[in-house]
Structures are given as structure tokens and as C-alpha cells.
Amino acid sequence: MKYSSIPAAQSVIAHCKAKGVQNIVISPGSRNAPLTIGFTEDPYFKCYSIVDERCAAFFALGIAQQLRMPVAVVCTSGSALLNYYPAVAEAFYSDIPLVVISADRPRYKIDVGDGQTIRQDNVFYRHIGYAANLKQDVSHATNRIERYAPDYIENTVKESQQKIQSFNDAELNAALETTITTGLPVHINVRFEEPLYDRLPAPTVDLNIRNSIDFVPEGIADIASYAEIWNAATKKMVLVGVNDPNTVAADFLAILANDPSVIVLTETTSNLHHENFFSSIDSIVAPIEKSEEKEALFSKLKPEVLLTFGGLIVSKKIKAFLREYKPQHHWHIDKVKANNTFFCLSHHFKMDVNTFFEKFEVDIQPSKSDYFSYWNAVKQRYRLKRERYITKIPFSDMLAFNHISKCIPENYQLQLANSSTVRYMQLFDLKSSLAVYCNRGTSGIDGSTSTAIGASIYSKTPTVFITGDLSFLYDSNALWNNYLRPDFRIIVINNNGGGIFRILPGKEDTPNFERFFETKQALNIKKYCDLFDIEYFFSDDEENLKAAMVDFYGPSEKPRLLEVSTPRLLNDKILIGYFDFIS
């Protein structure tokens, strides 16, 4: 093994190793050479090379999403670091432990006109759990420091270096402990002076590495008093956002599912399944919005107690409803944070969901109520109407998603892009064996493909990624790496632009709308497949979509992409027509 000659680089590598940060995604550069040397020379680390920094950060986020362990992404100085920001924001709002490690120039070379020098310290401070700005070593390149920044050395070089080492150890401990205990992303900025490539046969630093701190739940003793409120209520709603598969004990879910005073609303991204749960929220709420008895029906749906857990909610309709018809009590369960999404949050249980229910189930009991039975009958009616509607519509986004959702093989990992993709998938039931993911922290167009590819690395089963044409094209550099598994599958719903804007209010059929909102495009997706050596499939009607599905998921030596072309000017009318039909 070889080690960088720079103490700060040795410290970063040693702290990451001690804290179990094993997966390292590196983008090429010179200033980060000391870090690259350290990580790649140590067989403990699993290193990946991704050229595009934006893709690299989302790729790392995908790995961390699967492992629920910190994953590091390493870059050189300057604008490279700024390309991490979309993934950092996503990690912050999705509670994914992303460790950003950036190489930086010496402070005395910032703002003097040198290339690739920007103000890197604290650049993410609004969207991270901790910023560790390490001090520059004075035992390395001492002659340059004496020339440019002699005040860095107090008394002797040895004494100054000991103080710097102590400071850097404390900062590294704090940063890595933060991401381990909270799941929040952190930023470690490391200043290096040249020479950058010198190696040593053994480390030279004397480190102070603390053991990680365990998370301690808060408020367990208060749960019994909240159980009394729960038992007295006859209308309880449980709403679940983004949630990892198999994280909530089945016994707790059964208690909720079999209580006549409880309705459980789940989203595709919640990864929760029970025949009594409500998995298509908009199909419940949209008909009420169109009803002449809107006020009475919404009052009947309004819960007394709203219990939420998981990440962000996709459905705009349920958010609008609960903001207008506020429950008396809104409780949220999460170890770190609770969003006041409906502007009525009354309590935050700072613990994981299973810890909460282990204590809660002791004191709760089913209540007599027709809350579940009434809305379950509504659910059964809309399901029948949906099946009838599907038989009446021409080929379109909605019909394509109907077939695609049914044809995904058992036990696949399903990664979804944002906008239309995740919203259409909300309308259909999925196999309970599927593990569903989507970047719903910031819900951005960027990085979905990169995240899916990173997530596939550690998936025990194949991955299918479903995306729209704009999202796919926007993140096409995601395919520029050597880590696409042969069983990786991509489905691109190509409606020649941002179809979501035809669904949202304010659509106008004008040239300006097509150019600046919908961004109509006609790029050839097959050429992307040729460029990145991906096997290409195509469908533009119902029959050849069904036929393509027969072979698409079969064994292959290359990744496969299925382009599904749908009618740009018809899709929004069919979706709006669905809600009219079930109403």
C-alpha cells in the first residue's frame, strides 16, 4: 500500500475507514490526487470513477440510498464541487448520508486570480448537517507557507502541525458522526498545497478517532398519553410518504389495516402493501373535488388524528385537502425532522417507526366506526371504473403505464423519475415484491438515471428505471461509466417534451408554450443507445408494447432500453378524462 505524503489526506482516509465509509465515488482531477491516492491504494475501499461530477454525486446517492450507510464522493477544486449541489440538496431532503469530500487550494491562493479557485468552504451550508473545513498542514510544503502565509506557523512547525492535526481530527469526527447518526449529508473541505502526488510506504499521522455516537430516541415516555387521544377518535388517517422496503414490521401494519376507524393512505414510494390500504390517493380525492357534494364528502373524509411517517408526499391533492380540512392532531414519526406539510403539526415523535409502534400498540385498541368501511367502498368503485376506462382509451401515457406496471417481474427494484412518471405510477397497483424508489427530496428532473444506476450496484435483484424523455436526455451522461449491469433496464416514455406541463393548470396551445414550457424535442434516443452500447427496443402502440415486454426483461449481455412513443397532444386529455370518468 501507498499513502499520500500529506497528513490531511492521510487523516481523511483513516477517518473514513474507521467509520465504515467504504464506497468512494471519485471524479478525475489534480488537486484531489492526495485523496485519490489514499482511497485507491487501500483495498478496504470500493472505488468508482465517474467523470461528470453531477452524475457522480447522484450515483453515490443511489448507493447510499440502498445501503443506508454513508457513501463518499470526491472531487477536485473549483467548479467541480458546485456540480454536486443538486445531489446534496436531494440527500438533505431525503435523509441520505452523502459525504462530500472536496479538495481545495490553499486559502492564500483564493481570490488572487488563480484558475479553479472559488470560495469552497461552507458552500453547501444551507443543505448539510455539518461542514468540516480542515486546516492546511504546515508540515507539508513548508517553504511555500513560509513565503505566502508565515502567520500559519506559530512558534515551531511541529507545534503548529500538532494543533492543526487536533483540529482536523475533531472536525472529521464531528462530520462523520453527524451523517451516521442523522442520515444528513456532510461536507469535508480539504486544502492541499503542491506537491500533490508524493507517496509514502507508511502513514505518518497520529490520529484521534472517536467511536460513533448511537442515536437515542426522544419522547418514548409520552406515547401512552397520545394513545388515549387515538383511542377516543373515530376517524384516524395514516399517510405514508417515501419509505424504504421492509422497514415497518408487518404486525404493526396489520393493526392499522384492521382498525375500522383507520384508513391508511400509501403512495407508490411508500413500499407498504395491504389489501385494506389505499394506494391511489388521487383516485379518492379527485372525484370529491368534482362532486356537487364536495363540502360534505371532504368533511366526511377529514380525520380527527393524522399520523404520518416516511418522506415527502407526491400527491398534491391530498396536501391541498389536509391544508384546507385540517385534523385536530397531526403527529409525525421520524428520527431527525418533521415537516409541517399541512400547517397543523402538533407533535414530532423523534424515533424510528418500529420503536414508536412497539410502545404505541400496547395502549391502543380498535374503535367502532364506519370510517374505513365507507371509504373502502369508494375505493372498490373507483377500481372497477378504472378498469373500464382503460378498455376505452387509445394508446397513450396512461395506457402505457397500465401495461408497464403489470409487466414488471417479481422482486425487481423499480426506480422512477419525477414529474409525470411518478404521478402516473401512483394510479396503478404494483406487485408487493417490488422495491420502489424515487428522488422525492427535491423532486428534481436531474440525476434520476444516475441515482438508479448507482442504486443498482448493490441491488440483489435487477433494476428497471422508468423515466420521461426530457429527464432521460437531461441526465444522459449518467450512462457514461462502466457500471451498468447487463440486467439494468430503462423504459423511456417519449411524449416529445415535458408532458407534465400539459397536465398542470395554465396550459396554452401556443408556440411559446411548446418552446418554453413543454420544450418540445425530437432527439433520437436510439443514437444514445448506440453511443453507450445499450440494446434498443421501441414501441408506439399497445400491441407492440405487449410484444416488447415479452423479451425486454429476458437475460441479456447488455443493458436494455425500451422507448415508448406516445401522442403528445392526447395524453393530458386522457388523464383528465380518467378523473372525470371515475367521478
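## Helix α13

A residue is called buried when its relative accessible area is under 20%. In this predicted model, helix α13 spans residues 353-360, and its buried residues are Val353, Thr355, Phe356, Phe357 and Phe360. These buried residues pack against two helices, α8 (223-232) and α9 (250-257), and against the strands β11 (305-309), β12 (329-333) and β13 (347-349).

The N-terminal end of α13 is capped by aspartate 352. A side-chain oxygen of this aspartate lies 3.1 Å from the backbone nitrogen of asparagine 354.

## Helix α9

Helix α9, one of the elements against which the buried residues of α13 pack, has buried residues of its own: Phe252, Leu253, Leu256 and Ala257. Viewed down the axis of α9, these residues fall within an arc of 135 degrees, so they line one face of the helix. Their cover includes α8, β9 (236-240), β10 (262-266) and α13.

## Nonpolar cores

In soluble globular proteins, nonpolar side chains tend to be buried together. Here the largest nonpolar core contains 66 residues, and Met398, Ile466 and Ile491 have the most contacts inside it. Helix α14 (residues 371-390) supplies the largest share of this core, with 7 residues. Another core, of 42 residues, lies apart from it and includes Val71, Cys75, Tyr84 and Ala87.

Which residues does methionine 398 touch? Leaving aside residues up to four places away in sequence, methionine 398 touches Tyr389, Ile390, Ile393, Tyr424, Leu427, Phe428, Ile574, Leu575 and Tyr578.

Note on methods
Residues numbered from 1 in each chain as written. Predicted model: local features only at pLDDT ≥ 70, side-chain atom pairs only at ≥ 80, totals over all residues. Heavy atoms only, no water. Buried < 20%, exposed > 50% of the residue type's maximum accessible area, 1.4 Å probe, protein only. Helix = DSSP H or I, 4+ residues; strand = E, 2+ residues; numbered from the N terminus. Contact = heavy atoms within 4.5 Å. Polar contact = N/O pair within 3.5 Å; in protein donor to acceptor, adjacent residues only side chain to side chain. Arc of directions from axis to C-beta. Core = buried A, V, L, I, M, F, W, Y, C linked by side-chain atoms within 4.5 Å.
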